[in-house]
Amino acid sequence: MTAYRLKGVAKSVGGKEVLSSVDFEAREGEVTALVGPSGSGKSTLLRILNRLIDPDRGIAEYRGEDLRLWDPLELRREAVLVPQEAVMFPGSVAENVGYAARLHGRAGMDSAAALQAAGLPPSFLDRDAERLSGGERKRVSLARALALAPRTLLLDEPTAGVDPRSAISIEASVMRMRDGGGTVVWVTHDVEQALRVADRIANLKAGRAGPSQPRKDFRWGEAF
């Protein structure tokens, strides 16, 4: 089944057309990587998938229904966006991990299990979230999303700026979710990473994207 389907999607931000013609598909139970250089519109596309913004024109559907018909809060409980900037709130790691579930009034994964799923031991729960390293913050941000037990994860450069060990841990965490039947849209400028983690890859250049294709059919030269 198709999780997301976009056809001819365009979006302008601040008077500038960021997306001009995007065809995109992400299938349920798969990792779909969206690759492209900085400034190509990848983060804008993720914001459309999460209904933080709506397209100016084109078709955008989630699970067969127009995205604009979804209640934004209901959608964001099911399709959770993990932004590139891992913002920590004042307080402990436990309070940060459980924040989204409390906000949405949803009983998802408990904080210790979510933290372990993101590659950190339960001993981190009592730590001051604002004193964590960059890689630790990224994993706590991922744990916060996993605590909602989402159907779909939307990841914006989840390993950018972290050390290789943290990157491997984050990749493994996301693969476990996919193996459990979850759907992932993974934005990255790293083609090698896309070839490691994705079932399908879509290329976004200068606001344009064609349909995603199986990883084995993707060609390096198409990326940039």
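Two strands are said to pair if DSSP finds at least two bridges between them. The exercises below apply to a predicted model.

**Exercise 1.** Work out which strands pair with β9, and in which sense each of them runs.

*Solution.* Begin with β10 (residues 208–209), which is joined to β9 by 2 bridges and runs antiparallel to it; within this pairing, leucine 204 has alanine 209 as its bridge partner. The two strands form a hairpin with 2 residues between them, and alanine 206 in the turn has a positive phi of about 50 degrees. Next take β11 (residues 213–214), which is also antiparallel to β9 and shares 2 bridges with it, proline 214 being the partner of arginine 200. Finally, β3 (residues 31–35) runs parallel to β9 over 4 bridges, and here threonine 32 stands opposite arginine 200.

**Exercise 2.** Decide whether β9 is largely enclosed or not by the rest of the structure.

*Solution.* A residue is buried when its relative accessible area is under 20%. Of the 6 residues of β9 (residues 200–205), 5 are buried, and the strand is therefore largely enclosed by the rest of the structure.

**Exercise 3.** Check the span of helix α6 against its number of residues, and then assess its burial.

*Solution.* The expected span is 1.5 Å times one less than the number of residues, so the 13 residues of α6 (residues 134–146) should span 18 Å, which agrees with the 19 Å between the end C-alpha atoms. As to burial, 11 of the 13 residues are buried, so α6 is largely enclosed; among them are Gly135, Val140 and Leu146.

Conventions. Residues are numbered from 1 along each chain as its sequence is written. This is a predicted model: local features need pLDDT of at least 70, side-chain atom pairs count only at pLDDT 80 or more; totals for chains, interfaces and linings use all residues. Side-chain values use heavy atoms; hydrogens and water are left out. Buried means under 20% relative accessible area, exposed over 50%, partly exposed in between (1.4 Å probe, protein chains only).
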